[in-house]
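Please look through the sequence and the 3D structure shown below before reading on. The report then takes up a few chosen places and afterwards the chain as a whole.

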Amino acid sequence: MPDQTKIDELKANLRGRLIAKGDDSYDESRKVYNGMINKHPALIVYCVDVADVITCVNFGRENKMLTAIRGGGHNGGGLGICDDGLVIDLSNIKYTRVDPKNKTVRAGGGCVWSDVDHATHAFGMATPSGIIGSTGVGGLTLGGGIGHLTRHCGLAIDNLLEADLVLADGSFVTASEKENPDLFWAIRGGGGNFGIITSFLFRLHPISMVYGGPVLYELGETKKVMQWYRKFILDAPNELNGFFAFLTVPPGPPFPEHLHGKKLCGIVWAYTGDMGNAEKVFKPIRDFLKPALDFAGPMPHPVIQGMFDALFVPGMQWYWRADFVKEISDKAIDAHIEFADKMPPGFSTMHLYPINGAAAKVGKNDTPWAYRDAVWAQVMVGVDPDPANKEVITKWTKEYFDALHPFSAGGAYVNFMMDEGEDRIKATYKDNYERLSKIKKKYDPNNFFKVNQNIKPAA
Ligand SMILES: Cc1cc2nc3c(=O)[nH]c(=O)nc-3n(C[C@H](O)[C@H](O)[C@H](O)COP(=O)(O)OP(=O)(O)OC[C@H]3O[C@@H](n4cnc5c(N)ncnc54)[C@H](O)[C@@H]3O)c2cc1C
């Protein structure tokens, strides 16, 4: 830990706030989205600009401090914070600029997705992100980015055009297809391993309205629904996205009272093609089986993006496990049914996000995201507001994962992983790991950025 003179010097060189242990707002400042994470950093800096980020990186490196990067703070494993070290918080580097002529949006490194959706919707456009507006642009993009627009427009990384970074040596660079292309390749899936992104530039698509929302069925219909869905999503038009979910109906409006607290299965749809065709596209969905609840309809893109934000408020307990999946066999469905029955009440869930369609058109070595041939990113998540239920949700998630893992493709989406060790990271990047490791050596030879799904610098 650097002495007080050095800390005072750091403070004097910053425009943003510096929070240290003992300060009034320390406990508030060390919170992240997952209430299960309880880390105590020595210093937290709320950077306001690139100069602050450079100052912090140099300070962390010169004083040999473990240094974490916090974007939206949503990481399940708490990789936006660390014990005893320095946290470089980007949440005040928040700006957006839409360029309607070139159909791009620039977003500050600390934006969350609702900031970007708000800005782009005013121009009748959108870029692929996730399904919760409060998730950080930084972490979600650098890991890949799966959401409602995946099948239509690809992953978030497939729409990243350029990024500004502060590297481990404190230098500032831009990465794109033309400038530092090796670095640009690495950040499109390699996480926060290579530097701190202070600005992202994304491609925009003419998407303003979405016809979508959850269509849910009785849990007893799971087998029928999964067997239908596993085939339907392979042949569905790319403009139609739909992730499968188990969930418990929240006990309040707009949900009908007879379903409150009931476990259901279903699909959260998002059709982003011609709105005039939407009813036709939904006809086979509506003809296949009568749902218990049909919430699908037309809505502005930011509405579907924020649909679940009020449910999943910050501070709950979260435990995650994930895999990539190429096919859903009948045996896998039986295991899903067993664990849906055992799903803890409240907020716990299981999602199967389709990653076929446009995302599958990108080659497996074109970005570090190696599982372009998988059809789903599967994630089981134990969620509960009460810390007393931490063990219950963790046990359910682990056992569910263990039962389904044999049916998986091997690795997992890095953004759905907790701290699962190096082998799991290697399994996830497959033959891209070695290239990532070489690029890590070039840009961060001493592994300064190690609070992440870490890629070790090549020997
Ligand atoms: C409620 C919820 C919903 C989610 N939904 C989706 C979804 O729909 N689709 C999806 O793909 N993922 C989803 N995720 C997973 C999400 O992508 C990861 O948790 C991601 O790490 C969150 O990014 P963050 O910036 O909010 O996190 P943080 O905890 O702030 O950061 C996580 C990691 O990202 C890196 N990082 C963040 N910002 C930067 C930056 N500017 N520069 C360099 N490194 C940076 C850091 O290395 C850090 O280790 C969801 C997570 C939650 C909790």
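Which residues does I455 touch, not counting residues up to four places away in sequence? In this predicted model, the residues that I455 touches under that condition are G190, N193, F194, Y429, Y433, L436, S437, K440 and N447. I455 itself belongs to the segment that comes after α14 (433-443). Its partner G190 is 265 residues away from I455 in sequence, and yet the C-alpha atoms of the two are 7.9 Å apart in space. The relative accessible area of I455 is 0%, and because buried means under 20%, I455 is buried.

**A buried arginine**

R424 has its place in helix α13, which covers residues 422-429. With a relative accessibility of 11%, R424 counts as buried. A polar atom of the R424 side chain lies 2.5 Å from the backbone oxygen of A322. If neighbours within four places in sequence are left aside, the residues in contact with R424 are A322, D323, F401, H405, G410, G411, A412 and M417, so that A322 appears both in this list and as the owner of the backbone oxygen just described.

**Aromatic rings**

The structure holds 27 aromatic pairs. One of them is formed by F255 and F295, whose ring centres are 5.5 Å apart and whose planes are at 45°, an arrangement that counts as tilted. This pair links distant parts of the chain, since F255 sits in the loop between β11 (240-248) and β12 (263-271), while F295 sits in the loop between β13 (293-294) and β14 (297-300), 40 residues apart. F255 counts as buried at 19% relative accessibility, whereas F295, at 30%, counts as partly exposed.

Another pair is made by W269 and F282, with ring centres 6.3 Å apart; because their planes stand at 75°, this pair is edge-to-face. W269 lies in strand β12 and F282 in helix α9 (residues 278-288), so the pair ties together parts that are 13 residues apart in sequence. Both W269 and F282 are buried.

| Ring pair | Centre to centre | Angle between planes | Arrangement |
|---|---|---|---|
| F255 and F295 | 5.5 Å | 45° | tilted |
| W269 and F282 | 6.3 Å | 75° | edge-to-face |

Ring pairs also link a set of residues into a cluster, and its members are Y33, F243, F312, W318, W320, F324, F347, Y353, W369, Y371, Y413 and F416. Rings take part in a further kind of arrangement with arginine. R17 lies over the face of Y46, at 4.7 Å from the ring centre, and R435 lies over the face of W185, at 3.9 Å from the ring centre.

**The chain as a whole**

The secondary structure of the chain comes to 14 helices and 17 strands. What radius of gyration does the chain have, and what would a compact globule with 459 residues have? The chain has 22 Å, which agrees with the value near 23 Å for such a compact globule. Taken along the principal axes, the C-alpha atoms fill a box of roughly 70 × 50 × 40 Å.

Of the 459 residues, 59% count as buried, while the chain exposes about 17,900 Å², of which carbon and sulfur atoms supply 53%. Among contacts between residues at least 6 apart in sequence, 73% join residues at least 24 apart.

Terms used:
Residues numbered from 1 in each chain as written. Predicted model: local features only at pLDDT ≥ 70, side-chain atom pairs only at ≥ 80, totals over all residues. Heavy atoms only, no water. Phe/Tyr/Trp six-rings, centres within 6.5 Å; stacked < 30°, edge-to-face > 60°. Helix = DSSP H or I, 4+ residues; strand = E, 2+ residues; numbered from the N terminus. Buried < 20%, exposed > 50% of the residue type's maximum accessible area, 1.4 Å probe, protein only. Lys NZ or Arg CZ within 6 Å of the ring centre and 35° of its normal. Rg over C-alpha atoms; globule rule 2.2 N^0.38 Å. Contact = heavy atoms within 4.5 Å. Areas by Shrake-Rupley, 256 points an atom, 1.4 Å probe, with all protein chains shown as cover. Polar contact = N/O pair within 3.5 Å; in protein donor to acceptor, adjacent residues only side chain to side chain.
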